[in-house]
Amino acid sequence: MPAVDSHCHLDLMGAVPDQALAAAQAVGVSRLVTIGIDVPSSRWCADTAAAYPDISAAVAIHPNEASTASDDALTEIARLAARPEVRAVGETGLDYYRTTATPAQQQASFRAHIAIAKQTDTALVIHDRDAHEDVLRILAEVGAPERVVFHCFSGDADMARTCADAGYVMSFAGNLTFSNAGRLRAAAAVAPLELLLVETDAPFLTPMPFRGRPNAPYLIPLTVRALAAVKGLTEERVAGAVTSTATRVFGG
Ligand SMILES: [Zn+2]
Ligand SMILES: [Zn+2]
């Protein structure tokens with residue numbers, strides 16, 4: 001049963017796309033979404049997606065880089081987001097853990113990215129670190145795009161219920177496999193199956209038992225297995241669900 005890596009950074013992995021894709025497809029990971037963090041990486045992701053039908057791209061200026069989100073930079077992100085191989089605007093959002101950009105800069109950039117996602121009818125991929133309340137508040141204030149993904153979901157069960165009520169998709173990463181991730185597993189347990197995605201966030205967040213090695217999309221089956229265990233479902237059922245959700249969110 002094929003699965004999809006909804007969020008990786010092929011450029012940050014230093015990966016040759018052919019090799020990363022071949023390794024992933026050898027274990028049934030049929031599709032990757034490579035995510036931009038600034039203008040050069042977004043351009044790289046769009047160009048790579050244009051060259052490989054099984055790779056899609058997301059483009060954005062990461063919240064940690066929000067101090068560089070000038071009008072010119074945002075115009076370029078909007079231009080890239082209109083390309084057919086670009087299926088999402090992200091990762092954008094708020095990161096109050098690492099404050100290389102001020103909360104005001106991050107919020108302004110987040111609002112601009114939400115507008116671009118709506119204008120281009122693409123999904124919105126959200127990075128939310130220690131900023132649940134403000135992320136949810138801003139989405140409610142400006143009106144969320146039709147397809148919203150909380151990447152590397154880090155909320156608790158209450159937050160998962162709030163996201164489910166709003167129809168937001170929750171993407172779980174390899175940290176779901178960590179022994180201290182009980183709170184995250186409780187969130188995954190209440191999140192509806194049809195609102196789930198899985199991701200590696202490669203090269204970060206390597207799942208157990210390979211923690212310490214560089215992460216890569218071919219490790220996604222470990223997160224599918226962890227999610228299946230939490231949901232009490234077969235891996236095939238979970239892999240099928242995340243694959244159809246990926247198609248709904250990112251297009252075919
Ligand atoms: Zn992120
Ligand atoms: Zn990421």
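1. Let's start with F204, which sits in the loop running from β8 (196-198) to α8 (220-231). This is a predicted model, so please read each point below as a feature of the prediction. F204 comes out as partly exposed because 16 other C-beta atoms fall within 10 Å, and a residue needs 20 or more to be called buried. Its C-alpha atom is separated by 26 Å from that of E76, with the two positions 128 residues apart along the chain.

2. L205 is in the loop between β8 and α8 too. L205 is buried, since 20 other C-beta atoms lie within 10 Å, and 20 or more is the cut-off for that class. Do check the backbone here: phi of L205 is near 55°, a positive value in a residue that is not glycine.

3. D201 deserves a similar look. D201 belongs to the loop between β8 and α8, and has a positive phi of about 55° without being a glycine. With 23 other C-beta atoms within 10 Å, D201 is therefore buried.

4. Which residue follows M208 through a cis peptide bond? That residue is P209, and omega of the bond is near 5°. P209 is placed in the loop between β8 and α8, so if you are preparing this loop for your own work, keep the M208 to P209 bond in view as cis.

5. Away from that loop, there is a cis peptide bond from G90 to E91, with omega near 10°. E91 is part of strand β4, which covers residues 86-95.

Key: Residues numbered from 1 in each chain as written. Chains lettered and ligands numbered in written order. Predicted model: local features only at pLDDT ≥ 70, side-chain atom pairs only at ≥ 80, totals over all residues. Helix = DSSP H or I, 4+ residues; strand = E, 2+ residues; numbered from the N terminus. Buried ≥ 20, exposed ≤ 12 C-beta atoms within 10 Å, placed from the backbone.
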